[in-house]
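I wanted notes on aromatic rings and on charged groups placed over them. The entries below follow the order in which I looked things up.

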Amino acid sequence: MAGRINDDDVKAVRDAVPIDSVVSEYLQLRNAGGGNLKGLCPFHDEKSPSFQVSPGKGLFHCFGCQEGGDTIAFVMKIDHLSFSETVERLAAKAGITLRYEEGGYNPSHQRGERIRLIEAHQAAAEFYVRALESPEAEIGRTFLAERGFDQDAAAHFRVGYSPAGWDHLTRYLRGKGFSDKELITSGLSQDGRRGPIDRFRGRLMWPISDTAGEIVGFGARKLRDDDNGPKYLNTPETPIYKKSQMLYGIDLAKKDIAKASRAVVVEGYTDVMACHLAGVTTAIATCGTAFGNDHIKILRRLLMDNGSARVIFTFDGDSAGQKAALRAFEDDQKFAAETYIAIAPDGMDPCDLRLAKGDDSVRDLVEPRTPLFEFALRQIVGRYDLETPAGRAAALDEAAAVVAKIKTSSVQREVAVQLAGLVGILDQEFVVHRVAQLARWARDKGGDHGERGGRRGAPQGPRGGAPQQPAPAPGFSGPALNLRSPAHRTERELLKLALQKPALVSPAFDAYGVDEFTAPPYAAVRRCIEEAGGAEQGLADNREYLVAVMDAAPDNTVRSLVTELAVEVFRGKTIDETYAGMQLVHVRLRAVDRRINDVQGSLARLGSNVAPQDLAAAQNEVWVLQQYAQSLRAHGAAAL
């Protein structure tokens with residue numbers, strides 16, 4: 001087994017790679033105030049951003065699904081990596097050489113599976129690019145040239161060529177230290193009669209990258225007539241390649257998609273190339289599968305579902321392209337973005353259009369023309385004879401069921417009115433009523449009483465921060481959290497200060513007992529701070545202090561609450577020593593008052609049965625506590 005990574009190196013990696021730069025590779029982030037950033041959570045489906053990133057603290061937290069942690073935790077979760085694989089990946093990004101406590105320097109066979117498979121794909125891509133320059137690859141260079149792609153274009157998209165022999169790549173990667181098992185697992189090789197052979201042979205190769213820009217697969221185009229395989233052959237499903245989650249060109253397009261709030265979905269690799277070279281740098285394509293739910297989730301995180309976001313589909317004008325458009329419309333309601341369809345004259349795809357009419361024609365093509373719902377309805381209605389009452393009725397039945405899927409009632413009504421015009425029914429209100437009726441039937445049948453993609457009644461944060469939690473988190477015992485309770489609100493603020501601004505509450509905070517926090521979840525966080533060495537530890541290195549607090553958490557529930565409190569904005573407008581002092585005093589005062597009530601209650605229950613010395617001690621304790629409470633009320637934090 002690989003040795004344990006040196007703790008100092010883990011700290012160096014955590015400090016060297018900003019969390020906002022890592023998270024931005026997967027979703028668009030916007031200013032959330034208080035030095036935080038926000039975006040749509042990549043770990044659950046949501047329509048309003050509850051995912052927050054705190055660059056200053058190196059933490060993230062989602063107030064919707066409660067996922068949280070540091071940069072390492074984020075990468076582990078989103079890419080399904082082990083701790084060591086994640087640290088190795090981030091270390092490579094930061095240029096840090098890792099040391100291992102056992103076994104010395106990490107040899108190649110010790111590296112995590114995902115990293116090894118990524119490295120194999122990177123080596124394969126370099127091999128294919130070099131092979132495109134060989135005499136054998138002239139057929140591939142001719143293919144590209146005939147479609148308007150020169151050498152610079154091929155280099156930009158890292159297009160390559162797989163030699164026609166049986167095992168050229170396999171032998172090359174073996175020489176790089178990759179095992180046969182790794183080559184088979186990666187999908188770059190496959191089993192042959194005498195051992196592994198190349199999966200891709202004699203084809204033009206497009207590397208397929210994930211959102212983070214790492215090559216995880218290939219798309220291979222047939223070039224020769226004697227190749228009996230399919231026209232396009234893609235990498236099979238592997239531990240790092242899931243075709244339903246792949247969008248070709250997303251690594252090149254993601255920044256412009258987020259910046260422009262627009263994405264252009266095309267059908268093939270050459271279409272993506274043509275669009276980008278024509279200046280449409282938001283173009284992406286699926287990889288041998290229909291556009292589906294996972295693709296929508298990727299785009300939604302980049303588009304942020306704001307009102308101006310647009311998704312334009314450029315399907316071919318043939319029957320297959322029309323079917324693809326209708327399938328896309330089925331998922332249309334999962335976007336908050338407006339969706340459009342663009343079909344070029346004569347049914348040409350963007351690659352053919354660029355070749356025939358130039359870059360301007362491609363840019364003009366993707367300017368939104370026809371809303372997707374309108375195109376879908378025209379396709380449905382066009383299948384019926386609208387000159388007859390029976391034809392109009394049949395068209396209405398099918399199309400109305402589609403319109404009924406629109407979730408927003410105002411949009412549903414508007415589209416229903418347009419449907420009446422398409423079908424040729426003068427009574428618009430009849431069509432509107434019919435659509436609304438079908439929508440009600442669908443809701444009643446499916447029990448869909450909440451908003452798709454969200455949790456009904458999910459906690460929402462006041463001032464962009466604290467969720468109103470109606471019940472204790474799993475794993476805690478005791479009374480429910482109630483942020484309408486002044487005690488709970490103040491305890492929460494004090495813990496946020498201890499985690500985010502320890503200088504404002506130290507050293508006083510570290511003298512507070514766990515029992516001074518009445519909510520069990522908050523008591524658990526207080527215990528974590530105590531086990532991490534106290535809030536004073538945050539004065540020297542706040543990031544390491546937060547890591548230590550999270551490490552002290554007994555389970556993921558407490559750890560999640562720590563990250564939540566560490567990134568949540570404060571309730572007050574001015575966060576200074578005065579504000580911190582108020583929280584310290586309020587929490588202590590309530591603890592003192594509770595103790596006074598407890599002692600007096602015990603004396604009342606015992607009555608005359610209490611021993612004289614115990615009575616004197618209890619009365620003295622009450623007197624001391626009352627004097628302390630009076631001092632706190634009179635002098636504030638100075639009396640602590």
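Entry 1, charges over rings. I began with R588, which lies over the face of Y512 at 4.0 Å from the ring centre. The model is a predicted one, and I read each value below as computed from it. I then looked up K77 and found its charged end over the ring of F43, 5.8 Å from the ring's centre.

Entry 2, the cluster. I followed F43 further and found that ring pairs link F43 with Y26, F51, F60 and F74 into a cluster.

Entry 3, ring pairs. I described a pair of aromatic rings by the distance of the centres and the angle of the planes. With centres counted as paired within 6.5 Å, I obtained 16 aromatic pairs. I took up Y232 and Y269: their ring centres are 5.8 Å apart and their planes stand at 65 degrees, so I noted the pair as edge-to-face, the cut-off being over 60 degrees. Y232 belongs to strand β11 (residues 232-234) and Y269 to helix α11 (residues 269-277). The two are 37 residues apart, and I noted that the pair links distant parts of the chain.

Entry 4, accessibility of that pair. Is Y269 buried or exposed? I found a relative accessibility of 4%, so Y269 counts as buried. For Y232 the relative accessible area is 33%, and I entered Y232 as partly exposed.

Entry 5, R354. I located R354 in helix α14 (residues 350-357). Its relative accessibility is 17%, so R354 counts as buried, the limit being under 20%. Leaving aside neighbours within four places in sequence, I listed its contacts as R147, G148, F149, A274, L277, D359, S361 and V362.

How values were computed. Residues numbered from 1 in each chain as written. Predicted model: local features only at pLDDT ≥ 70, side-chain atom pairs only at ≥ 80, totals over all residues. Heavy atoms only, no water. Phe/Tyr/Trp six-rings, centres within 6.5 Å; stacked < 30°, edge-to-face > 60°. Helix = DSSP H or I, 4+ residues; strand = E, 2+ residues; numbered from the N terminus. Buried < 20%, exposed > 50% of the residue type's maximum accessible area, 1.4 Å probe, protein only. Lys NZ or Arg CZ within 6 Å of the ring centre and 35° of its normal. Contact = heavy atoms within 4.5 Å.
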